[in-house]
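Me: I would like a close look at a single part of this chain, with its surroundings explained step by step. Please keep the wording plain.

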Amino acid sequence: MRRKVCSERKDLRTIKVCFAASSGGHLEELLLLKPLMERYESFLVTEETAYRAAGEEVRCYYLLQVNRRERSCIPRLFVNFLRSLKICLTERPDVVVCTGALATIPICLLCKILRKRLVFIESFANVDTPTMTGRLLYRFADQFCIQWKELKKHYPKAVYLGGIY
C-alpha cells in the first residue's frame with residue numbers, strides 16, 4: 001500500500017508553477033525567485049504595462065492593472081477573473097506562488113477553487129502592517145510567507161523566511 005501511494009505522487013520536475021504578481025515592486029520581488037522558476041515548469045502572470053517585464057525567457061500572461069481607488073476597479077477585477085480562469089484552465093498549474101497585489105487575487109482564489117496549492121509571500125515593503133491582499137489571502141494560502149518577523153503578530157501561522165532581496 002505504501003509503495004502505491006509513493007508512486008502516485010507527482011514527480012517534482014513535472015510540477016507546474018504559476019508565479020503571479022502585479023507590476024512594479026511586487027513583480028521585482030517575484031523575479032528574484034527566477035532560480036525556483038527554472039526548477040519547475042513555470043509561467044508568469046502579471047499586469048499589462050507599457051513595458052514587457054519578464055523578457056522573452058519566461059512564458060507570460062497579462063492581466064489588467066487594477067487600482068482600488070478607481071471606479072473601474074470592480075469591472076477590471078471581473079475581467080481579470082475571466083482571464084485568470086482561462087489561464088488556469090489552459091495551463092492547469094499545480095501551485096500558484098504570489099507576491100500580490102490586487103490584480104492577482106482572482107488567480108489565487110481560482111487556484112483554491114480548483115484545489116491547487118497557494119503560496120503567498122507578503123510584500124517586503126511592509127514591515128509592521130499587513131497588506132490588503134495579504135489579509136485577504138492569509139486564510140486561503142497553503143503556505144503564507146513573511147519577510148519581516150514583526151508581521152508574525154498579524155499572521156501567527158506564517159512562515160518567516162527573511163527577505164528575498
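The part I have in mind is a strand and what lies around it. Where does β5 sit in the order of the sheet, and which helix packs on the sheet, touching β5 among other strands?

Reply: This is a predicted model, and the answer starts with the chain as a whole before turning to β5. The chain has six helices and seven strands. Read along the sequence, they follow the pattern α-β-α-α-β-β-α-β-α-β-α-β-β. Of the 165 residues in the chain, 45% are buried. Among contacts between residues at least 6 apart in sequence, 52% join residues at least 24 apart.

The seven strands form an open sheet with parallel pairing, in the order β3-β2-β1-β4-β5-β6-β7. The edges are β3, residues 60-63, and β7, residues 159-160, each of which pairs on one side only. In that order, β5 stands between β4 and β6.

Take the two neighbours in turn. On the β4 side, four bridges join β4 to β5, and the two strands run parallel. One of the residue pairs here is V96 with its bridge partner L118 in β5. On the other side, three bridges join β5, residues 117-121, to β6, residues 143-146, again with the strands running parallel. There, I121 stands opposite C145 in β6. Strand β5 is mostly covered, since four of its five residues are buried. As background, side chains in a regular strand alternate between the two faces of the sheet.

Next comes the helix you asked about. Helix α5, residues 105-113, packs on the sheet and touches β1, β2, β4 and β5. The direction of α5 makes about 150° with that of β5. The buried residues of α5 are I105, P106, I107, C108, L110 and C111. These residues pack against β1, β2, α4, β4, β5 and α6. It helps to recall that an α-helix has 3.6 residues a turn, so residues three or four places apart point the same way.

The loops on either side of α5 each have a backbone detail. In the loop between β4 and α5 lies A101, which is joined to G100 by a cis peptide bond with omega of about 10°. In the loop between α5 and β5 lies R115. R115 has a positive phi, near 60°, and is a residue other than glycine. R115 counts as exposed because its relative accessibility is 77%, and exposed means over 50%.

Two salt bridges tie this region together, and they share D142. As a general point, side chains of opposite charge can pair when their charged atoms come close. D142 forms a salt bridge with K112, with the closest N and O atoms 2.8 Å apart. This pair links distant parts of the chain: D142 is in the loop between α6 and β6, K112 is in helix α5, and they are 30 residues apart. D142 also forms a salt bridge with R117, where the closest N and O atoms are 3.6 Å apart. R117 lies in strand β5 and D142 in the loop between α6 and β6, so this pair ties together parts that are 25 residues apart in sequence.

How covered are these three residues? D142 counts as partly exposed at 35% relative accessibility. K112 is also partly exposed, at 23%. R117 is partly exposed too, with a relative accessible area of 48%. These labels follow because partly exposed covers the range between the buried limit of 20% and the exposed limit of 50%.

Past the strand, the chain enters the loop between β5 and α6, where F124 is found. F124 counts as partly exposed, at 27% relative accessibility. Although F124 and I164 are 40 residues apart in sequence, their C-alpha atoms are 8.0 Å apart in space.

To put the pieces together: β5 has β4 and β6 as its neighbours in the sheet, and α5 touches β5 along with other strands. Four of the five residues of β5 are buried, while R117 in β5 is partly exposed and forms a salt bridge with D142.

Key
Residues numbered from 1 in each chain as written. Predicted model: local features only at pLDDT ≥ 70, side-chain atom pairs only at ≥ 80, totals over all residues. Heavy atoms only, no water. Pairing = 2+ DSSP bridges. Contact = heavy atoms within 4.5 Å. Axes fitted to C-alpha atoms, helices over the stretch in contact; angles between N-to-C directions. Buried < 20%, exposed > 50% of the residue type's maximum accessible area, 1.4 Å probe, protein only. Salt bridge = Lys/Arg side-chain N within 4 Å of Asp/Glu carboxyl O.
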